[in-house]
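Here is a walk through a two-chain model, written for someone who would rather look at the picture than at a list. Keep the viewer open as you read.

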Amino acid sequence: MVISKKISESMKDSSWIRAMFDEGEKLKKQFGSEHIFDFTLGNPITEPPKELKNELIKIVTSDLKGMHRYMSNSGYEEVREDIAEFHRVTTGIPFTRDHIVMTVGSAGGINVVLKSLLDPNDEVIVPCPYFVEFRFYIENHRGIMKLVDTKDDFHLDIEKIKQAINKNTKAIIINSPHNPTGVVYREDELKELAAVLTERRKKGQRIFVISDEAYRKIIYDNIKYPVMFNIYDDTISITSHSKDLALPGERIGYIAISPLIKNAKNLIDATIFSNRILGFINAPAIMQRLVGRFQKNSVDILDYQKKRDAIYNILSNTGYDVIKPEGAFYIFPKSPEYDDVKFVRNLQKNHILAVPGTGFGKNGYFRLAYCVEMDIIERSEPYFKKALESIHA
Amino acid sequence: MIVSHKIKKQMEETGWIRRMFEEGINMKRQYGEENVFDFSLGNPDVEPPEQLKQSLIDTLNMPVTGMHRYMPNCGYDDVREEIAAYLKEYYGMPFSAKHTYMTAGSAGGLNILLKSILNKDDEVIVPTPYFMEFKYYIESHGGVVRLVNTKDDFQLDIQKIEEAITPKTRAILINSPNNPTGVIYSESILRELAELLYTHRSKGKKIYLISDDAYKKLVYENIQPPNIFSVYDLVISVTSHSKDLALPGERIGYIAISPEIKDVDMLISGLMFSSRALGFVNAPALFQRVVGKFQKNSVDILEYQKKRDILFNTLVEAGFQCTKPMGAFYIFPKSPIDDELEFVKLLQEKERILVVPGRGFGKEGFFRIAYCVPFKKVLGALDGFRRIGKEYIK
């Protein structure tokens with residue numbers, strides 16, 4: 001076989017996702033894509049902010065020499081300085097450019113951090129439901145993923161996390177705003193988490209919080225975002241500009257390492273080294289230059305909020321059991337049938353494409369990504385209704 | 001400990017590179033940038049071709065909706081078509097889009113490829129001297145690197161390769177034109193290698209030939225590098241546009257899979273999985289769009305040739321033993337004293353010339369000069385090489 005056994009097995013595990021995707025494509029061909037309501041992909045239809053597009057043209061038309069060459073593996077100093085300033089202002093912690101490493105999106109960033117931290121069989125706690133790729137990221141670097149269920153409202157179950165910690169626990173990955181639930185963790189629960197971890201710290205074990213902040217700027221109703229850096233010292237954040245600046249295809253993001261981490265320098269050096277030997281080398285040059293200047297910008301949040309309101313209202317009006325998302329662009333309703341894969345097929349018959357909760361480690365739910373045209377959301381109501389009715393019939 | 005044991009060990013192994021690098025920076029601070037001759041980095045000072053720069057501007061001035069979004073992990077269909085058309089013409093083999101895969105440079109390409117094909121403890125043979133990152137790439141994905149010395153002229157030693165093959169051998173990773181030697185493997189030697197691998201095939205053992213072709217277009221005197229795809233069937237080529245189009249910072253390249261490899265669809269699926277799992281997801285969108293049209297272009301090779309000629313001639317006249325580079329922008333002379341680390345320090349201290357010791361490429365007793373620097377830097381260093389040659393070469 002041309003591919004490795006492990007890859008082949010991992011691919012088999014996710015082959016049903018592929019099958020569903022293919023079925024969706026078939027439906028689109030059969031009925032025309034405007035008659036199919038595709039809520040499967042977190043690939044926003046949004047365009048990057050206008051000013052960003054203009055700035056990009058300005059950069060490439062400038063006569064700056066060497067703008068496509070290698071730079072230091074951690075990224076351009078001035079860009080890291082811009083980002084460090086953003087973190088200084090938002091946290092009051094003395095971030096410098098040395099605490100920032102530019103990465104190939106957050107997927108690249110998380111891999112780099114895990115490779116730097118993990119010894120074989122080190123454990124990483126991941127609250128569930130979760131973004132399934134985390135499992136592959138952890139296993140790439142010989143770690144073991146420990147899934148811990150969240151509560152019914154998808155908030156952290158601190159007691160369960162406490163029970164899951166053992167002497168091999170090296171890190172916990174949290175993702176807030178959360179994919180697939182849209183939940184934003186509250187300050188009080190994060191403080192409880194910090195207290196649990198600090199307890200271990202006193203016994204000589206360091207557990208890092210890896211905070212995946214890809215959706216940080218997509219947050220609704222003016223909720224205040226609790227910044228993990230201000231809650232727990234041993235925090236590493238991973239940011240992507242895929243969502244806030246709508247640049248997913250360009251692969252740009254960064255790692256921020258808390259200056260409050262003891263021996264942070266060793267960790268920083270290791271991430272720069274890992275960035276190199278995993279083959280990323282550096283984050284794409286031209287996108288680095290661009291994003292430094294747009295740390296405070298974001299795509300139009302109100303637009304997403306309107307979509308969130310629309311999809312939430314449709315689902316709750318038609319009788320789905322659903323929690324209102326506070327951020328990101330996902331909603332995670334309870335499946336009216338326990339078998340979520342079966343229900344998603346039912347939705348498919350009704351021209352709606354969704355991802356079963358099983359794909360996020362949580363049976364009995366399904367995920368809708370509402371980063372689509374408003375029109376699609378609005379027209380989908382009768383179809384959601386029909387799918388629900390077909391079960392009760 | 002804050003970082004993993006393996007990373008710590010790997011970083012310590014390369015600690016001296018960092019120390020040298022830092023000494024170099026100090027030196028530049030102390031004597032001024034213009035008085036230090038830095039030949040340590042393969043970071044070309046050239047700019048991308050003018051037409052490419054214009055095409056980049058045009059692409060941005062005529063934006064297509066969704067041009068910064070995700071696309072399939074393997075890259076844009078139309079770009080893969082363009083690359084396949086070029087490969088078909090260049091190699092004379094029936095390449096189609098499905099034999100190509102867009103990557104974040106060749107470092108990214110090699111990593112997703114190795115992750116896709118290596119089972120735990122599978123061995124990969126690498127001829128030395130070699131680009132040392134290969135070792136880390138292989139080890140990252142559970143593989144074991146088997147280093148095999150080349151001959152005195154840095155051509156493959158088929159006998160030694162044969163001895164290194166075991167039931168665990170999964171692939172051979174070659175790089176031609178070679179970093180650090182500038183050597184191009186000859187067609188006859190590659191045929192011998194292929195013959196050896198076919199012998200193992202007849203015993204039921206499939207060994208892949210991974211060809212790092214990052215320097216493929218940087219060849220001198222119109223040498224036509226051997227057509228690797230016609231020499232052997234299980235060839236996977238990994239290419240970068242860092243050197244030929246001078247875009248190293250943008251991380252763009254591709255994998256080309258031989259049309260003779262039957263289970264190409266499975267391999268592409270494996271690569272798609274690995275690029276997601278490793279966090280590459282896809283090659284940067286903007287530069288995918290740009291490079292498709294520039295498959296036949298390259299930076300000006302004559303500029304490099306001028307630098308190679310004057311440097312090679314000077315070194316030889318000064319008494320250095322060295323093999324004339326046929327491609328790439330490296331030259332790998334023998335160190336006049338056995339401990340090349342010592343010699344490299346002398347070059348640094350006495351002549352302010354920065355080069356990399358051979359042990360950084362798995363070959364002690366040599367040193368690497370990367371001459372992808374401005375011509376005046378090459379000229380400025382010539383006397384230094386002459387002086388140190390006079391002093392240390394008997």
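A residue counts as exposed if 12 or fewer other C-beta atoms lie within 10 Å of its own, and as buried if there are 20 or more. With that in hand, look at helix H8 of chain B: on the face turned away from its buried side you'll find the exposed residues Ser188(B), Glu195(B), Thr199(B) and Ser202(B). Bear in mind as you go that this is a predicted model.

**Two helices in chain B**

Which residues of H8(B) are buried? They are Leu190(B), Leu193(B) and Leu197(B). These cover an arc of only 60 degrees around the axis, so they sit on the same side of H8(B). Their cover includes helix H7 (158–164), strand S6 (208–212) and helix H9 (228–231) of chain B. After H8(B) comes Gly204(B), with a positive phi near 90 degrees.

Helix H4 of chain B can be read in the same manner. Its buried residues are Val79(B), Arg80(B), Ile83(B), Ala84(B) and Leu87(B). Seen down the axis of H4(B), the buried residues fall within an arc of 135 degrees, so they line one face of the helix. Asp78(B) and Glu89(B) are exposed on the other side of H4(B). The packing partners of the buried residues of H4(B) are strand S2 (100–103), strand S8 (253–257) and helix H11 (285–291) of chain B. H4(B) is followed by Gly92(B), where phi is positive, near 65 degrees.

Here are the lengths of the two helices, end C-alpha to end C-alpha:

| Helix | Residues | Number of residues | Span | Expected span |
|---|---|---|---|---|
| H4(B) | 77–91 | 15 residues | 21 Å | 21 Å |
| H8(B) | 187–202 | 16 residues | 22 Å | 22 Å |

**Chain A as a whole**

Now switch to chain A, which has 14 helices and twelve strands. Its radius of gyration is 21 Å, close to the 21 Å that the globule rule gives for 393 residues, so chain A is as compact as a globular protein of that length. Along the principal axes, its C-alpha atoms fill a box of roughly 65 × 55 × 55 Å. Of the 393 residues in chain A, 51% are buried. Among its contacts with a separation of 6 or more, 74% are between residues 24 or more positions apart.

**A small sheet in chain A**

In what order do the three strands of the open sheet run? The order is S9-S12-S11 (chain A), and the pairing is antiparallel. Strand S9 (330–331) and strand S11 (355–356) of chain A stand at the edges with a single partner strand each, so one side of each has no neighbour in the sheet. S9(A) pairs with strand S12 (residues 366–369) of chain A over two bridges. Ile331(A) has Leu368(A) in S12(A) as its bridge partner.

**Where the chains touch**

How many residues does each chain bring to the contact? Chain A gives 57 residues and chain B gives 57 residues. On the side of chain A that touches chain B, the elements giving two or more residues include helix H1 (5–13), helix H3 (50–61) and helix H9 (264–277) of chain A. H5(A) supplies the largest share of that side, eight residues. By type, the residues on that side of chain A split into 30 nonpolar, 16 polar and eleven charged.

Note on methods:
Residues numbered from 1 in each chain as written. Chains lettered and ligands numbered in written order. Predicted model: local features only at pLDDT ≥ 70, side-chain atom pairs only at ≥ 80, totals over all residues. Helix = DSSP H or I, 4+ residues; strand = E, 2+ residues; numbered from the N terminus. Rg over C-alpha atoms; globule rule 2.2 N^0.38 Å. Contact = placed C-beta atoms within 7 Å. Expected span 1.5 Å × (residues − 1). Arc of directions from axis to C-beta. Pairing = 2+ DSSP bridges. Nonpolar A, V, L, I, M, F, W, Y, C, P; charged D, E, K, R; others polar.
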